[in-house]
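Here is a short report on one protein chain. Keep the sequence and the 3D view open while reading.

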Amino acid sequence: MSQINNVVIVGGGTAGWISAALLAKKLNASSLGGVSITLVESPDIPIMGVGEGTWPTIRKTLQEIGIAEDEFIKECDASFKQGAEFVNWCQDPTKVGKHSYFHPLNATFHAAYDFNLAPYWLLDETKSKQPYDLASATQSYISSQGLAPKSITTPQYDAILNYSYHLNANKFAKLLTKHAVKLGVHHIQANIHHVHLDTAGFVRSVDTDTHGTIEGDFFIDCSGSKAIVLGEALGIKWKSISDIIFNDTALAVQVPYEKADSPIASNTIATAQTHGWTWDIGLQNRRGVGYVYSSSHTSEEHAYSTLVDYLGMPESDLSIRKLPLNLGYRKKFWNKNCVAVGMSAAFIEPLEASAIFLIEAAVNMIAEKFPRHLSELDYVEKQFNDTFTLRWEKSVDFIKLHYCISQRRDTQYWIDNAEDSTIPQTLQQKLQHWRYNVPSKYDFDYAFEPFVLDSYLFVLYGLKYKTDLQLKRSFYPQTQMANKKFSDVVKLNEHLSANLPTNRDLLEKILQNGLSKI
């Protein structure tokens with residue numbers, strides 16, 4: 001059979017069910033002539049359940065699937081996320097005290113196509129100068145105040161300030177399951193114990209313990225780190241990045257709020273520690289907290305004590321899970337009639353919450369380029385592999401940036417992170433250029449780069465990276481316009497802070513009354 005009419009998704013969780021729901025919608029799975037989609041999910045493998053951060057793209061995904069925003073918020077214990085606060089990443093806090101900066105989800109004036117405020121901020125030598133994130137982005141101030149990105153009268157998925165969500169990953173998978181089935185996805189609960197290949201190396205079927213043999217024309221591997229189709233059956237090797245990103249273990253725990261009306265942070269809180277960093281994510285009814293660390297730099301005992309000290313709670317009151325992290329990506333993501341999505345394809349530590357975004361990006365490209373005939377596979381396979389190799393390499397560069405330009409040298413962990421031998425050559429070249437040049441849109445020449453110019457500016461200058469513009473001072477004569485834009489940020493802060501509710505207040509109103517329809 002040369003036509004591709006039947007897709008089999010191996011594995012559930014966030015990757016599997018986003019793949020199923022989006023493809024069912026985009027490929028008209030429920031209509032005559034559409035592509036049939038079957039998802040085979042093991043009833044015995046629990047969802048990891050710690051991937052609680054998203055990017056703003058998730059709003060479009062949820063809309064496409066047909067999930068109302070207030071339904072999503074109610075079903076998934078979701079809260080609004082406006083970025084991340086990075087605490088103590090710049091210097092050793094025992095010597096200089098606490099330091100933090102925000103990486104918001106958008107700048108007030110986008111540097112790539114509005115007006116780049118960075119050079120004017122760098123050249124400002126006044127003592128009253130605000131930190132870069134607060135000077136250039138209203139969202140940093142609003143997020144620091146615990147305010148929401150919209151009001152109760154803002155329609156579903158519309159925004160006053162750009163936003164994404166924190167969510168309960170287990171409940172999210174259940175909600176996606178319900179909607180995917182409505183869209184025509186066939187859901188089978190079974191364990192796969194064998195993958196059949198034909199003589200040309202194409203996947204033809206999988207054997208299950210309770211539903212016999214399931215045949216397909218095209219397979220999507222969402223089986224997590226096992227990668228039972230692309231990795232085990234097709235033999236596509238894993239490329240480790242442990243020589244660049246050291247964190248190989250996570251401790252995760254769920255903790256209640258001190259009081260029912262405790263504030264809900266409007267951002268992820270990422271706090272640098274001696275051998276890694278802690279995440280702190282506020283949902284409606286609890287916090288998700290964890291410590292990501294390098295086991296080659298510290299002991300398990302010290303890691304546990306670091307997390308317990310951060311929480312300020314007795315260890316006996318906590319149910320801490322230990323999760324091994326295998327950082328890296330497949331040497332190919334698409335091979336013949338199989339493509340991997342999610343952790344079966346790649347995993348980079350959760351510092352910038354890119355995992356769900358890259359799942360969405362992968363499925364959108366699969367849908368857009370979906371081959372209905374075997375003769376189309378070679379071309380699409382190469383396109384997809386080239387695109388996602390670059391996406392993951394760019395993601396590695398950006399994650400490494402947070403570590404390698406830090407001024408912390410209080411442990412061997414931070415010393416090793418700054419070693420040139422651990423920094424990708426592509427990132428080293430940019431950092432050298434940025435010693436005397438402000439990053440510009442020409443440094444980001446690929447249309448689908450996951451991390452754009454503004455993101456780099458927030459991290460670079462949040463971590464006090466030194467860019468010397470003295471020889472180029474005359475290149476930036478528009479000081480009056482820059483000062484007006486800095487002033488506009490302050491004025492907008494005042495207006496928004498007077499009119500936006502807190503994150504918790506808005507969520508409680510949504511739970512009670514819902515949101516306006518679009």
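## Helix H15

Start with helix H15, residues 453-462. The helix is mostly covered: 10 of its 10 residues are buried. They are Leu453, Asp454, Ser455, Tyr456, Leu457, Phe458, Val459, Leu460, Tyr461 and Gly462. Bear in mind that this is a predicted model.

What covers the buried residues of H15? The cover includes strand E5 (100-104), helix H5 (118-123) and helix H6 (132-136). H12 and helix H14 (425-433) are also among the covering elements. Just after H15, Lys464 takes a positive phi of about 60°.

## Nonpolar cores

The largest nonpolar core holds 155 residues. Within this core, Phe72 and Trp89 touch the most other members. Helix H12, residues 377-404, gives the most to the core, with 11 residues. Another core lies apart from the largest one. This second core has 13 residues, including Val255, Tyr291, Ala303 and Leu311.

Which residues does Trp89 contact, leaving aside its neighbours within four places in sequence? The list runs through Ala270, Thr271, Ala272, Trp277 and Leu351. It goes on with His402, Tyr403, Ser406, Arg408, Trp414 and Leu463.

## Aromatic pairs and charges over rings

The model has 34 aromatic pairs. One of them joins Tyr291 and Tyr293. Their ring centres are 5.2 Å apart, and the planes make an angle of 25°. Planes under 30 degrees apart count as stacked, so this pair is stacked. Both tyrosines, Tyr291 and Tyr293, are buried. Ring pairs also link a cluster: Trp55, Phe357, Phe398, Trp434, Phe444, Phe451 and Tyr456. Tyr456 of this cluster belongs to the buried residues of H15.

Charged side chains also sit over rings. Arg391 lies over the face of Phe388, at 5.0 Å from the ring centre. The charged end of Lys485 is placed over the ring of Phe109, 4.3 Å from its centre.

## Strand E16 and its partners

Is strand E16 mostly covered or mostly open? Covered: 7 of the 8 residues in E16 (residues 286-293) are buried. Strand E13, residues 249-256, is joined to E16 by 8 bridges, and the two run antiparallel. In this pairing, Thr249 stands opposite Tyr293.

Strand E15, residues 276-282, also pairs with E16. Here 7 bridges join the strands, which again run antiparallel. Asp280 has Val289 in E16 as its bridge partner. A hairpin of 3 residues connects E15 to E16.

## A three-stranded sheet

An open sheet of 3 strands has the order E8-E9-E10. Its pairing is antiparallel. Strand E8 (192-197) and strand E10 (213-215) are the edge strands, and each pairs on one side only. On average, neighbouring strands of this sheet are turned by 25° against each other, direction ignored.

How many bridges join E8 to strand E9? The count is 5, and the strands run antiparallel. E9 spans residues 203-208. In E9, Val203 is the bridge partner of Leu197.

## Two buried helix residues

Leu22 has its place in helix H1, residues 13-26. Why does Leu22 count as buried? Its relative accessible area is 0%, and buried means under 20%, so Leu22 qualifies. Leaving aside neighbours within four places in sequence, Leu22 contacts Thr61, Glu64, Ile65, Val363 and Asn364. Leu22 and Ala367 are 345 residues apart in sequence, yet their C-alpha atoms are 8.1 Å apart in space.

Asn493 is found in helix H16, residues 479-499. Asn493 counts as buried because its relative accessibility is 9%, and the cut-off is under 20%. Outside its neighbours within four places in sequence, Asn493 is in contact with Thr138, Tyr141 and Ile142.

Conventions: Residues numbered from 1 in each chain as written. Predicted model: local features only at pLDDT ≥ 70, side-chain atom pairs only at ≥ 80, totals over all residues. Heavy atoms only, no water. Phe/Tyr/Trp six-rings, centres within 6.5 Å; stacked < 30°, edge-to-face > 60°. Buried < 20%, exposed > 50% of the residue type's maximum accessible area, 1.4 Å probe, protein only. Lys NZ or Arg CZ within 6 Å of the ring centre and 35° of its normal. Pairing = 2+ DSSP bridges. Helix = DSSP H or I, 4+ residues; strand = E, 2+ residues; numbered from the N terminus. Axes fitted to C-alpha atoms, helices over the stretch in contact; angles between N-to-C directions. Core = buried A, V, L, I, M, F, W, Y, C linked by side-chain atoms within 4.5 Å. Contact = heavy atoms within 4.5 Å.
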